[in-house]
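Please open the model in a viewer and keep the sequence panel visible. The tour proceeds by selection, with a short account of what is found at each stop.

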Amino acid sequence: MSKLIVSLFVVLFILQLVSSQQCETGSVQFTADLSNLSDWDHYWERTVGSGHAVLALREDWRRALALSHEKLGFQSVRFHGIFDDDLSVVQLNSNGSIIYSWYDVDQAYDYIVELGMAPYVELSFMPELLASGNATIFHYKGNITPPKNYTQWSNLIQAFITHVVDRYGMDIVSQWQFEIWNEPNCGFWSSDQTNYFKLLLETFNAIKSIYPQLSVGGPATCQSAWIPETLAFAKANGIQLDFVSTHEYPTDIQPLQRNIMKQVLTNSRQQVGPNMKLYYSEYNDGLFFRHDTTYASAFIMFNIPDVYGIADIFSWWCFSDVFGNSSSSSSSSSSSSSSSSSSSSSSSSSSSSSSSSSSSSSSSSSSSSSSSSSSSSSSSSNSSSKEQGQQSVPFNQGFGLLTIYDIPKPSFKAFELLHETGKMRANVTGEHPTAGVFTTLSDDEIMVIIYNHNIPDAPIANETICVTLENIQGTITDSYLRRIDHDNCNPIATWTAMGEPEYPTKSQIDQLKAAAEFNYQPIDFNQNGNSLTFTLEVMPQGVAAVTFKFQ
């Protein structure tokens, strides 16, 4: 009997030893401690970017915004040109006096507010009747000159602010952000820093003199520039900005670096200090041709946790290719008006639908290599091809998370997974040059995100990842795996296999949407008490999400 007991103890010891050593030799190992938790704020959901204001009158833009709000949790939307002449805001009456028409502005903002979102208000560009010059930007000709008369500009600002407060109420408008201009250092401002600071001061005072509780800031520069200068100017002129805003793209600094966003954001945070709100109101995976591929989704999964706790807003540019721009140049553009709006103060019309054809597509299928698509970099977010008219090719490497047909790109699916993450984050140990893991916890769910990311042309390979979860509280009742990689949630590969139709049929669009959806797969894991271990392989620029339900 004693020999039998000893044998049983030996067997149990061996089983426990085996279960505690479940990671394969050579695998990349990470351990998440679910008893060591910190807050996991969905800071990236506070704002998302779009093109310019008149797009908000389009049905396809609205459909894409609603989908992004529902699936990704975005809370506000930022776009250029709320004062552009295609919204007919500033007009002359029969006596030659300036009057304002808010009809088209209301049409845009009403939809956003009714959707349960808020405008992140970029105060731009200059109405022609107020402009000091004729310099414009992009195909929609946003005027980028200073006002010829700052009293007229301040009157416009105050009339606009008063109107939105009257229409939506202070309880709602006090949650909005009012950002003064866009990228005055990168081609969106025809003058210099001194004159931008004059615009900043006049605009800030115009708002604060009537509604001091509203949130106003700037300078909305590209490349994280002018931050110390802006703070010094504000201090010298006795004003306290509510936030400092700027933009950064990973391609702004050459050569490319994997963690450049964290380096830049950390430096900006040091410049503004711990108490100033810091808004990155534009960023994405870079100004080159990878937006439609799994490179973008892997970039997102690496950077969202990497820069956590630095910026208060981190706004992806942008949510849809219904945008009037593409990373690739457009050969021609034709615009057709599908609706017109007449103002209560005077007749005004604005184009609310436009389309343009592209002579060719340079898109390619995302591959399992970090250099799967052609490399092109820009040192400035003001690319000459950034907003040159609506592209008609469904995959044209536009900045959007959705194509013009609402086909989710890998980047959309990455944000969809992030939206599902819990409100607490577990401490994770383990390191690797390209692979990483973060784990979140909610009331009844553990979510493990694994990514394998590197910059283009840098070393990257398939990686075998072994993850151990420790201190699980509860009983696992369900589990599943979802992937974003060359073989999953990668509709551009399906489009390429179709022969890259420029105008896909409804059946083809349905097929492309199906190719973008998650494939739910079982996940094998070994559990020993309150710990479990699983192993899986992740492709280059791949993402894997493992969900455990418990009770």
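Begin by selecting cysteine 186 in this predicted model. Is cysteine 186 buried or exposed? Its relative accessibility is 8%, and because buried means under 20%, cysteine 186 counts as buried.

Add cysteine 222 to the selection. Cysteine 222 also counts as buried, at 0% relative accessibility. The two residues form a disulfide, with the sulfur atoms of cysteine 186 and cysteine 222 placed 1.5 Å apart. Colour the flanking elements to see what this pair links: cysteine 186 lies in the loop between strand 9 (177-180) and helix 6 (193-208), whereas cysteine 222 lies in the loop between strand 10 (215-221) and helix 7 (227-236). The two positions are 36 residues apart, and the pair links distant parts of the chain.

How many disulfides does a search of the whole structure find? The search finds two. For the other stop of this kind, select cysteine 23 and cysteine 466, which form a disulfide with their sulfur atoms 2.0 Å apart. Viewed along the S-S bond, the angle is -75°, and the link of cysteine 23 and cysteine 466 is left-handed. Cysteine 23 sits in the loop between helix 1 (2-19) and strand 1 (28-39), and cysteine 466 belongs to strand 19 (residues 463-470), so the pair ties together parts that are 443 residues apart in sequence. Cysteine 466 is buried, with a relative accessible area of 0%.

With bonded cysteines counted along the chain, the disulfides of the protein follow the pattern 1-4, 2-3.

Next, select two further cysteines. Cysteine 318 is buried, at a relative accessible area of 0%. Cysteine 489 is buried as well, with a relative accessible area of 2%.

For the final stop, return to helix 7 and display helix 8 (residues 260-272) beside it. The axes of helix 7 and helix 8 come within 9 Å and cross at roughly 15°. Angles under 35 degrees count as roughly parallel, and helix 7 and helix 8 are therefore roughly parallel to each other. Helix 7 passes helix 8 in a right-handed crossing.

Which residues make the contact of helix 7 with helix 8? Show the side chains of Ile227, Pro228 and Leu231 on helix 7, together with those of Ser268, Gln271 and Val272 on helix 8. Coloured by class, the residues of this contact comprise four nonpolar, two polar and no charged.

Note on methods: Residues are numbered from 1 along each chain as its sequence is written. This is a predicted model: local features need pLDDT of at least 70, side-chain atom pairs count only at pLDDT 80 or more; totals for chains, interfaces and linings use all residues. Side-chain values use heavy atoms; hydrogens and water are left out. A disulfide is a pair of cysteine sulfur atoms within 2.5 Å. Helices (H or I, at least four residues) and strands (E, at least two) are DSSP runs, numbered from the N terminus. Buried means under 20% relative accessible area, exposed over 50%, partly exposed in between (1.4 Å probe, protein chains only). Axes are lines fitted to C-alpha atoms, for helices over the stretch in contact, and angles run from 0 to 180 degrees between N-to-C directions. Angles under 35 degrees count as roughly parallel, over 145 as roughly antiparallel, 65 to 115 as roughly perpendicular and the rest as oblique. A crossing is left-handed if the near helix is turned anticlockwise from the far one by less than a right angle, and right-handed if clockwise. Contact means heavy atoms within 4.5 Å. Ala, Val, Leu, Ile, Met, Phe, Trp, Tyr, Cys and Pro count as nonpolar, Asp, Glu, Lys and Arg as charged, and the others, Gly among them, as polar.
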